[in-house]
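Let's take a walk through this one together. Have the model open and turn it as we go.

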Amino acid sequence: MIGSMFVGFIVGLIAAAITNRGESMGCLGKILLGWFGSLIGQFLFGHWGPMLADTAIVPSVLGAVILLAIFWRRDS
């Protein structure tokens, strides 16, 4: 559980840095973004690339970027 929270936070941080969105999400928001981004990314793109805590990092970041691009406004 702690490992998946850490990976979710890292994925959320990377996605927020790539898109310049979600600066005011906070730690819990970034963890949730990483978890849902991981679900979507691994469903759409599969399990490839480096793995950390049974999570494929590259598809997870891609899924989180998609979530941020769709649901997060730049000015909020």
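Where is the place of Asp54? Asp54 sits in the loop between strand 1 and strand 2. Before going further, some ground rules: this is a predicted model, so to speak of local features takes pLDDT of at least 70 and side-chain atom pairs count only at pLDDT 80 or more, while totals for chains, interfaces and linings use all residues. Residues are numbered from 1 along each chain as its sequence is written, and side-chain values use heavy atoms, with hydrogens and water left out. Helices (H or I, at least four residues) and strands (E, at least two) are DSSP runs, numbered from the N terminus.

Back to that loop. Ala53 is there too, between strand 1 (51–52) and strand 2 (55–56). Both residues have a backbone quirk: Ala53 has a positive phi of about 55 degrees without being a glycine, and Asp54, also not a glycine, has a positive phi of about 60 degrees. For background, most residues other than glycine have a negative phi. As for accessibility, buried means under 20% relative accessible area, exposed means over 50%, and partly exposed is in between (1.4 Å probe, protein chains only). Ala53 has 46% relative accessibility, so it counts as partly exposed, whereas Asp54, at 70%, counts as exposed.

Step into strand 2 and the picture changes. Thr55 belongs to strand 2 and is buried, with a relative accessible area of 12%. Contact here means heavy atoms within 4.5 Å; leaving aside neighbours within four places in sequence, Thr55 is in contact with Val7, Ser38, Gln42, Pro50 and Ser60. Ala56 also lies in strand 2, and Ala56 is buried because its relative accessible area is 0%. With neighbours within four places in sequence again set aside, its contacts are Gln42, His47, Trp48, Pro50 and Met51. Gln42 is 14 residues from Ala56 along the chain, and their C-alpha atoms are separated by 7.2 Å.

Now for the helices. Take helix 1 and helix 3 to begin with: their axes come within 9 Å and cross at roughly 55 degrees. Axes are lines fitted to C-alpha atoms, for helices over the stretch in contact, and angles run from 0 to 180 degrees between N-to-C directions. Angles under 35 degrees count as roughly parallel, over 145 as roughly antiparallel, 65 to 115 as roughly perpendicular and the rest as oblique. Helix 1 and helix 3 are therefore oblique to each other. Their crossing is right-handed; for the term, a crossing is left-handed if the near helix is turned anticlockwise from the far one by less than a right angle, and right-handed if clockwise. On the helix 1 side, the contact is made by Val7, Val11, Ile14, Ala15, Ala16, Ile18 and Thr19, and on the helix 3 side by Ile57, Ser60, Val61, Ala64, Val65 and Leu68.

What about helix 2 (residues 26–45)? Helix 2 packs against helix 3 at an angle of about 110 degrees, with the axes 6 Å apart. That makes the two roughly perpendicular, and this crossing is right-handed. Look for Leu33, Phe36 and Gly37 among the helix 2 residues that meet helix 3, whose side of the contact includes Pro59, Gly63 and Leu67.

Which residues make up the largest nonpolar core? Its 12 residues are Val7, Val11, Ala15, Ala16, Met25, Leu33, Ile57, Val61, Ala64, Val65, Leu67 and Leu68. Helix 1 (2–19) and helix 3 (57–71) each supply at least two of them, and helix 3 gives the largest share, six residues. A nonpolar core, by the way, is a set of buried Ala, Val, Leu, Ile, Met, Phe, Trp, Tyr and Cys residues joined through side-chain atoms within 4.5 Å. One core member, Ile57, touches Val7, Pro50 and Leu52, not counting residues up to four places away in sequence.

Don't skip Lys30 in helix 2. Lys30 counts as buried because its relative accessibility is 8%. Leaving aside neighbours within four places in sequence, its contacts include Gly8, Phe9, Glu23 and Met25. Ile10 is in helix 1 and counts as partly exposed, at 29% relative accessibility.

Finally, the record: an unreviewed UniProt entry lists residues 53–72 as "transmembrane region". UniProt positions are given in the numbering used here, feature names are shortened, and annotations may be inferred rather than shown by experiment. In the model, that stretch is 75% helix and 10% strand, with its end C-alpha atoms 27 Å apart.
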